[in-house]
Amino acid sequence: MRKILTAEDFECPCCRFSNVDERIMEILNKVNVFYPIEIVKGCRCSSRTTPESPHYADDEIKCIAAHIKVKNCPLRFRVVEKLIEYGVRRIGVDHYRGYVHLDLMSKKHPALWGYNPSGQVMG
Ligand SMILES: [Zn+2]
Ligand SMILES: [Zn+2]
């Protein structure tokens, strides 16, 4: 049976802090039914990022973003299709590093973006 994602899968690598938003976990557990999810970036403590980043996490601000590993283009299409079906409106696809970013930042407009070889967002 496939492993169900828990808050542990979203831990910050430096301190194991995790306060991932329940909606992110619910969405990714639904995708996980047909595609085994591997989290490559979940929560980040305040020492590793800024309050503006959706990966930011502290007691007040929930982690509302994740990067999931998706190894090729056909699979990326299926994963992105499912994310949209489950209500995600902000998605980034990094073909160089093989991951898909999703976040639930409600104050920013819906968007689909890519990344350049050095990892910067290409809108
Ligand atoms: Zn940390
Ligand atoms: Zn990201």
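1. A good place to start is the hairpin: strands β3 and β4 form it with 4 residues between them, and Gly98 in the turn has a positive phi of about 70°. Helices (H or I, at least four residues) and strands (E, at least two) are DSSP runs, numbered from the N terminus. The two hairpin strands pair in the antiparallel sense over 4 bridges; two strands pair if DSSP finds at least two bridges between them. Within this pairing, Gly92 stands opposite His101 in β4.

2. A word on what you are looking at: this is a predicted model, in which local features need pLDDT of at least 70 and side-chain atom pairs count only at pLDDT 80 or more, while totals for chains, interfaces and linings use all residues. Residues are numbered from 1 along each chain as its sequence is written, and chains are lettered from A and ligands numbered from 1 in the order in which they are written.

3. Now follow β3 to its other partner. Strand β3 (residues 90–94) runs parallel to β5 (residues 111–115), and 4 bridges join them. Ile91 has Leu112 as its bridge partner in β5.

4. Which strand order does the open sheet have? Its 6 strands come in the order β1-β2-β4-β3-β5-β6, with mixed pairing. The edge strands, each pairing on one side only, are β1 (39–41) and β6 (121–122).

5. Next, the largest nonpolar core, which has 24 residues; Ile24, Leu28 and Ala66 touch the most other members. Such a core is a set of buried Ala, Val, Leu, Ile, Met, Phe, Trp, Tyr and Cys residues joined through C-beta atoms within 7 Å. Two or more residues each come from α1 (22–31), β2 (65–69), α2 (73–85) and β4 (99–103), and α1 gives the largest share, 5 residues. Not counting residues up to four places away in sequence, Ile24 touches Ile64, Ala66 and Leu104; contact is defined by C-beta atoms, placed from the backbone, within 7 Å.

6. Helix α2 deserves a look too. Its 13 residues should span 18 Å at 1.5 Å a residue, and its end C-alpha atoms are 18 Å apart, which agrees; the expected span is 1.5 Å times one less than the number of residues. Just after α2, Gly87 takes a positive phi of about 100°.

7. Is Val79, in helix α2, buried or exposed? Val79 is buried, because 22 other C-beta atoms lie within 10 Å; the cut-offs are 20 or more for buried, 12 or fewer for exposed and partly exposed in between, with C-beta atoms placed from the backbone. Leaving aside neighbours within four places in sequence, Val79 is in contact with Val31, Tyr35, Val70 and Val100.

Notes
Contact = placed C-beta atoms within 7 Å.
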